[in-house]
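Thank you all for coming; I would like to take you through one model this morning, starting with the conventions and then moving to the helices, the burial and the charged pairs. Please have the sequence and the structure open while I talk.

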Amino acid sequence: VGPARLLAGGGAAGAAVGVGWWEWRRAALLKQHAQAKQKYIDSGGESRYPFYGRDHGYDIDYMMELGLDSGDRVCAVFRLEALALPHAAVAAAHRSWR
């Protein structure tokens, strides 16, 4: 087996480990979000106002709800760690080119 083949195999294995680590970390973040949403649902909050993905209590969500008027522009910034690796790479590249 030549050195080029060893390098290619090592690079592929390293990439697979990197993607696996990224997805493992992403799954932990998504689990935290799911727990926050379940806590929100269990509190009966979804019948009063929408879930904004934040777990800071009723006051924060209610103030967000009151602060939004029809026609308001809402800007979102994706948390790169919560995106799948290809999407995170595109979002990071887009941020760096702005």
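Let me begin with what I mean by a helix: helices are DSSP runs of H or I with at least four residues, strands are runs of E with at least two, and both are numbered from the N terminus. This is a predicted model, in which local features need pLDDT of at least 70 and side-chain atom pairs count only at pLDDT 80 or more, whereas totals for chains, interfaces and linings use all residues. Residues are numbered from 1 along each chain as its sequence is written, and side-chain values use heavy atoms, with hydrogens and water left out.

With that in place, the protein has 3 helices and 0 strands, and its pattern along the sequence reads α-α-α. Helix α1 covers residues 3-42, and because 40 residues at 1.5 Å each (the expected span being 1.5 Å times one less than the number of residues) should span 58 Å, the 58 Å between its end C-alpha atoms agrees with expectation. Just after α1, Gly-44 adopts a positive phi of about 85°.

Turning to burial, I call a residue buried under 20% relative accessible area, exposed over 50%, and partly exposed in between, using a 1.4 Å probe and protein chains only. On that basis 12% of the 98 residues of the protein count as buried, and in α1 the buried residues are Trp-22, Leu-29, Ala-36 and Tyr-40. What covers them includes α3, residues 85-97, where contact means heavy atoms within 4.5 Å. As for contacts in the protein with a separation of 6 or more, 38% are between residues 24 or more positions apart.

Which charged pairs should we look at? The structure holds 2 salt bridges, each defined as a side-chain nitrogen of Lys or Arg within 4 Å of a carboxyl oxygen of Asp or Glu. In one, Glu-23 pairs with Arg-26, with the closest N and O atoms 2.8 Å apart; these two residues lie 3 apart in helix α1, which means that about one helical turn separates them. Glu-23 is partly exposed at 29% relative accessibility, and Arg-26 is also partly exposed, at 21%. In the other, Arg-79 pairs with Glu-81, with the closest N and O atoms 3.2 Å apart; here Arg-79 is exposed at 51%, while Glu-81 is partly exposed at 29%.
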